[in-house]
Amino acid sequence: MNRLLSWSSGLVLVFGFACFSAACGDDDEESDGGTDASGSGDTDTDTDTDTDADTDADTDADSDTDTDTDADADTDTDTDSDTDTDDEGVPDAPIVLLPQQGTNVASPLRVEGRGEIGTTVIVAVLNGTTEIGGQVGQVNEQGQFVVSAAYTEPADGTALTVQVFLKNTAGLSAPAEVPVVHNPRTISGTISQHGGSTSGTAVYVRLYTSPAAILDHHQELTLVAVENEQFPPTSYNFRVGDGTYYVRAFRDAHGPHGLNPDQRPTLPFDPQAPASSAIVIDQNDATEVNLELMDQWETDHFSSFNVFTSHESAFPRPPEYEDPPGSDNWVDGLGLCEGYYLRLETEGPSDANTTPPRVLLPNGEVAVLLDDGGCGQVADNTSMSYDEEPYDGRFSLGWPDPTALDAGEYVFYYREISMNLIHIETDGVDEIIKLSRNVPLVSPTGAVAAQTTAILDWDGVDNAGTYQVYINGDDGYWNQSGPLTETLYQPSDPLPDDQAISVTVQVYDQLSALDWEYDAVADGTRSYFITDNDGSSSITVSGDLINNSGASGPYHIRAGDLEQWSTESSVILPATATTYSLKMLRKTSDDSVYVLGFIDVDGSGEDSPTNEMYRQSADKLNGTTDISQDLVFVPPIVLVSPEDGATGVGNQPTLVWEDYTDDAPDVPWSYVVFLFNEDPQPRQDDFPEILWALPDDVTQFDMAAAPQPNDRYDVIYLATCLETGGTYENGACQGGSPVSNPVNLIASSRWKWGVAVFECDFDDFVNNVDDDGNNVDDFTDCVIPALDGDGFYAMSVDWEFTTN
């Protein structure tokens, strides 16, 4: 990110102006543009969230009585003439779409229809008054149901009645009755193999009611194959009622990743026959429907489907994007990235000749995995793709903070379009595990310069099965361990000497961490240290730790290179520590080192929003020699209103905070009030949209009746004056193009606000004190270094509100 003013980077360091959006819901939408993404020919362009509990894939026949029975992610929230939920009593009778009145049927009988959302479907098949079969199902969130009811077959030509009821807690609906005739017909042919693997002892033949269906087969036959032999021509036979059907077949040679057979069609491993042409049954048999199993290795396919929890940081972040493109002006978008979330992912060619990769979730909903760069340089990740690069063949989806309800079986599926082949696999997550990221090195640490032959050591993590270590040096040195079950590692190649080293320990829940089987992963926090075998290339950064904050927790101390904007050393000290010491590489210039520390109040081990309230830093320290810098931790400023998460706030709010006098520094001081626009709006260099300095005897700022100019200080005016090449003299900008603080907030937008204390005497501005005679009041002389990284004495936590 281009920083036009050097002090902008200091402001980022001191303020910690990172943005933390509220969690956004996952509302994947399919906009078909006239054709369903599964290739079914569905012209439904509703933006539905298809949560069909049945598992057919795109047998849409949408009209006012939408018969969408797919588990492809036809993401519909249908507003067609569905039967509305009746909260006052028993449900209305269902609408039965299939079978139609008077048609010939066979067992099992497929019953489709619509009814009150969430009710139980009860299907009974009657021969006269005798019930000869039935089944129970559920109406999904689109008001649809599909039930396959087996029954004891009577003589051909027997008239039957199909009764369908809906049931809720209030009782049973009146039945919908459909007269049909038991008069089964036959679909028959042969299955033979002409290529592909000869592993596996089973060939599955499946009957579908749609050419695009993937999960919801109507019937299935299993034929016996001989291991290591081609499957010879073998007959099959289905008994069916009137309707249109399609037959598929596959030899179950392997499961995903070439593992054991899994009773599912697996591309590219299993020999597979494409779906047959449409077979129309209307009082006639269909014979010689012959299929050939072929090698499918050349077909497009996805790989490495996995579902797992990912713990990437202590808190989520919004995506960032350039506005306008190419401007190097980065702003926050919508949605969330990183944090702790459940991740679904797969890999495949982004231009694959397939339907989008989809997953049937344990709750019956369907999700589409995305390759949209949602967590990369985009404005909107409310779909939660957690994808970094668009169109790179890595597809993902996720949602933050998974719970035990997210455990279960995830069914991944897609259809290869050109030959009409299908793929199905599952990944079960038995338990939702949140692995800790707080995995710093026990040794070496930044407290002492390490030898190049150092052995890395860390503490074990609960529920961990495997660790993997990643090592980076500042000259491009790179080392990666294999799977480790012990908590130590010595690189096979020595570490480079006189370099800053960073180490991350990645944690997996499974012993087989580096293949696709793991269910939880955590990217450990980074540890930093330097190497200096002879001790001649390093300096010491040390000082006292003074805790006046009232908070307790381990101290996390880091020191780094301002010129490279990098961290070189880190150390974690117990809450009882009173001093710290770090080793850094010696610099060739002064004003080149920063040091910061925070109290780990929440135990995350990160500079999280909670810990940021107990953070202190200093920079522009002289890196050519040993450095002495005390860190004094003080209480945070307490905000009052608008309260965190407030909505409907006016565009000229009054910002209120508690008086900080009792905890203030011993020297003259002032407040600074800042506001960030959290919605995607152009903002330069991470600087706030609004930044006012105020005297130490105020505890509120009323934007509708702002203090007079001599009672406030327009920091935005100062910043934009300097940024545009001007100079600030005698309270005015000379030669620049300054912009003053706005006094009205943008309507219907999200804002983050907070207050800081800095050690500058506001009276010097009011009285135009200029002791050094440089035509700049001494308050301004103090403000610029404060913003340039010299630090703020105290900060509040950031609160958010939304304007009306």
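Three strands form an open sheet in the order β45-β47-β50, and their pairing is antiparallel. Strands here, like helices, are DSSP runs numbered from the N terminus, with at least two residues (E) for a strand and at least four (H or I) for a helix. Two strands are taken to pair if DSSP finds at least two bridges between them. At the edges of this sheet stand β45 (639-641) and β50 (700-702), each with a single partner strand, so one side of each has no neighbour in the sheet. Direction ignored, neighbouring strands are turned by 20° against each other on average; the axes behind this angle are lines fitted to C-alpha atoms, for helices over the stretch in contact, and angles run from 0 to 180 degrees between N-to-C directions. Strand β47 (residues 654-657) is joined to β50 by three bridges, and the two run antiparallel. Leu655 faces Phe701 of β50 as its opposite residue. As general background, strands of a sheet pair through backbone hydrogen bonds, either parallel or antiparallel.

The model is a predicted one, in which local features need pLDDT of at least 70 and side-chain atom pairs count only at pLDDT 80 or more, while totals for chains, interfaces and linings use all residues. Residues are numbered from 1 along each chain as its sequence is written, and side-chain values use heavy atoms, with hydrogens and water left out.

A second open sheet has four strands in the order β24-β23-β27-β28, again with antiparallel pairing. Its edge strands are β24 (366-368) and β28 (421-429), each of which pairs on one side only. From one strand to the next, the twist averages 25°. Within this sheet, three bridges link β23 (residues 358-360) and β27 (residues 408-416), which run antiparallel. Arg358 has Tyr413 in β27 as its bridge partner.

The wider setting of these sheets can be given in a few totals. The protein holds five helices and 56 strands. Of its 804 residues, 55% count as buried, where buried means under 20% relative accessible area, exposed over 50%, and partly exposed in between (1.4 Å probe, protein chains only). Contacts, defined by heavy atoms within 4.5 Å, often span the sequence: among those between residues at least 6 apart, 69% join residues at least 24 apart. About 32000 Å² of the protein is exposed, and carbon and sulfur atoms supply 46% of that area. Accessible areas come from the Shrake-Rupley method with a 1.4 Å probe, and for residues only the protein chains shown count as cover.

Some backbone details in the loops also deserve a look. Most residues other than glycine have a negative phi, and most peptide bonds are trans. Two cis bonds can be described here. The peptide bond from Ser107 to Pro108 is cis, with omega near 0°, and Pro108 sits in the loop between β2 (104-105) and β3 (109-114). Leu267 and Pro268 are likewise joined by a cis peptide bond, with omega about 0°; Pro268 belongs to the loop between β14 (243-251) and β15 (272-273).

Positive phi values appear at Glu288, where phi is near 60°, and at Asn768, where phi is about 55°; neither residue is a glycine. Glu288 lies in the loop between β16 (279-281) and β17 (291-293) and, at 66% relative accessibility, counts as exposed. Asn768 is placed in the loop between α4 (762-766) and α5 (778-790). With a relative accessibility of 45%, Asn768 counts as partly exposed.
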